[in-house]
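I set out to record, entry by entry, what I looked up in one protein structure. The sequence and the structure are placed below for reference.

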Amino acid sequence: MVASGGYEGLLRRLIVAYKDNGVLSNRDVLAPLLASSLIVAHDLLGARRSTPSEVSAVPSASSGAHLWDRSGRPLLLVPAPSSRASIRARGGQPVAALTEAAARRAFGQLEVCRALAIVRRVADQSGLTSQERADNVHGAYAVRARHTPALVNRPVIVVDDVMTTGATLVEATRALSAAGAIVLGAAVVAATQRRGGG
C-alpha cells in the first residue's frame, strides 16, 4: 500500500471537506497527491517485474507482479465502492471521481473501472475498532457481473482516499480476487498513523 501522507492536519481537512462536505474544488488538490501514490505503486511493481530473480527470492512480495508479467494485460485501477445511501447523500462517488482525475494526471489514459459494489448494509466505520471494521465489511463487496469478464487475469491496483485499518482494502481485494483479478496492491491519498501498536 502506498500513501502520499498521514491522515491528519490539513490533509485530513481537505479530504473530509471533499468527501463529506461536497467541496469539489478540493479534488484539484487531492488528485496530484493520489497520482503520486499511483506512480510510486506502479514503479514499485514495475521494478519487481523487471527483476525475475526477486520472484524466487521473495515470492510473497513479488508473486502478484510475476503474475502481472505473465498476464500481458494492462493495469486497471479499481476505486473502493460507495454505498447507495452515500451516493445519494454526496451526489456521486467522490473516491471514483478522484481516482479518475488522478489516473489522468499519472498515466494519461490508464483505465479506471468502477467494478465494485456494496451488496449488503454496512455500519458507519468511524468509531469502530480494527476488528469491528473488518467484521463490518467482510463479505460486503462484490464485483458487478458486467465487469467480471474484464477482470479475469487482469492486474489491478485498488484505490481509496484514506486507509485507516486496511479493512476496506482487504475486502476490496477479496472481492476482486474472487472475480479472477490479480490484485497487486493499493494506493491511497492518506493513511492513519498507527500509535502504540493499536
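The entries that follow go from the whole chain to single residues and then to the spaces in the structure.

**Entry 1: the model as a whole**

I noted at the outset that this is a predicted model. I looked up the confidence and found a mean pLDDT of 83 for the protein chain, with 84% of its residues at 70 or more. I then asked where pLDDT stays under 50. This is the case over residues 47–67, for which the model has 17 contacts beyond four places in sequence. I have kept this stretch out of my detailed entries.

I counted the secondary structure next, and the protein chain has nine helices and seven strands. The chain holds 198 residues, of which 42% count as buried. Among contacts with a separation of 6 or more, 74% join residues 24 or more positions apart.

**Entry 2: Thr99**

I located Thr99 in helix 6, which covers residues 94–107. Is Thr99 buried or exposed? I recorded it as buried, because its relative accessibility is 0% and the cut-off for buried is under 20%. I followed the side chain of Thr99 and found that it reaches the backbone oxygen of Val95 at 2.8 Å. I also listed the residues that Thr99 touches, leaving out those up to four places away in sequence: Leu34, Leu77, Pro79, Val112 and Val159.

**Entry 3: Asn153**

I looked up Asn153 in the loop between helix 8 (148–151) and strand 6. Its phi is near 60°, a positive value in a residue other than glycine. I set beside this the general rule that most residues other than glycine have a negative phi. The relative accessible area of Asn153 is 46%, so I entered this residue as partly exposed.

**Entry 4: Gly180**

I found Gly180 in the loop between helix 9 and strand 7 (182–191). Gly180 counts as partly exposed because its relative accessibility is 26%. Which residues does Gly180 touch, not counting those up to four places away in sequence? I listed Leu151, Val152, Asn153 and Arg154, so the residue of my previous entry, Asn153, appears here again. For Val152 I also took the distance between C-alpha atoms: 4.4 Å from Gly180, although the two residues are 28 residues apart along the chain.

**Entry 5: the largest pocket**

I turned to the largest pocket, which holds about 1200 Å³ of space. It is lined by 41 residues, and those closest to its centre are Lys19, Ser86, Arg90, Asp124 and Gln125. Which element gives the most to this lining? I found that helix 5 does, with six residues. Other elements that supply at least two residues each include helix 1 (9–21), strand 4 (116–118) and helix 7 (130–137). Strand 6 (155–163) and helix 9 (167–178) also supply at least two each. Sorted by class, the lining has 20 nonpolar, nine polar and twelve charged residues.

**Entry 6: the largest cavity**

I asked how many cavities of 30 Å³ or more a search of the whole structure finds. The search gives one, and the volume of the largest cavity is about 30 Å³. I wrote down its lining as Pro79, Ala80, Pro81, Gln93, Ala96, Arg114, Ala115 and Leu116. By class, these are six nonpolar, one polar and one charged. I noted that Pro79 from this lining was also in my list of residues touched by Thr99.

Methods:
Residues numbered from 1 in each chain as written. Predicted model: local features only at pLDDT ≥ 70, side-chain atom pairs only at ≥ 80, totals over all residues. Heavy atoms only, no water. Helix = DSSP H or I, 4+ residues; strand = E, 2+ residues; numbered from the N terminus. Buried < 20%, exposed > 50% of the residue type's maximum accessible area, 1.4 Å probe, protein only. Polar contact = N/O pair within 3.5 Å; in protein donor to acceptor, adjacent residues only side chain to side chain. Contact = heavy atoms within 4.5 Å. pLDDT = per-residue confidence, 0-100. 1 Å grid on protein atoms, 1.4 Å probe; cavity = no way out; pocket = protein on both sides within 12 Å on 5 of 7 lines; lining within 4 Å. Points joined across faces, edges and corners; volume = space filled by probe spheres on them. Nonpolar A, V, L, I, M, F, W, Y, C, P; charged D, E, K, R; others polar.
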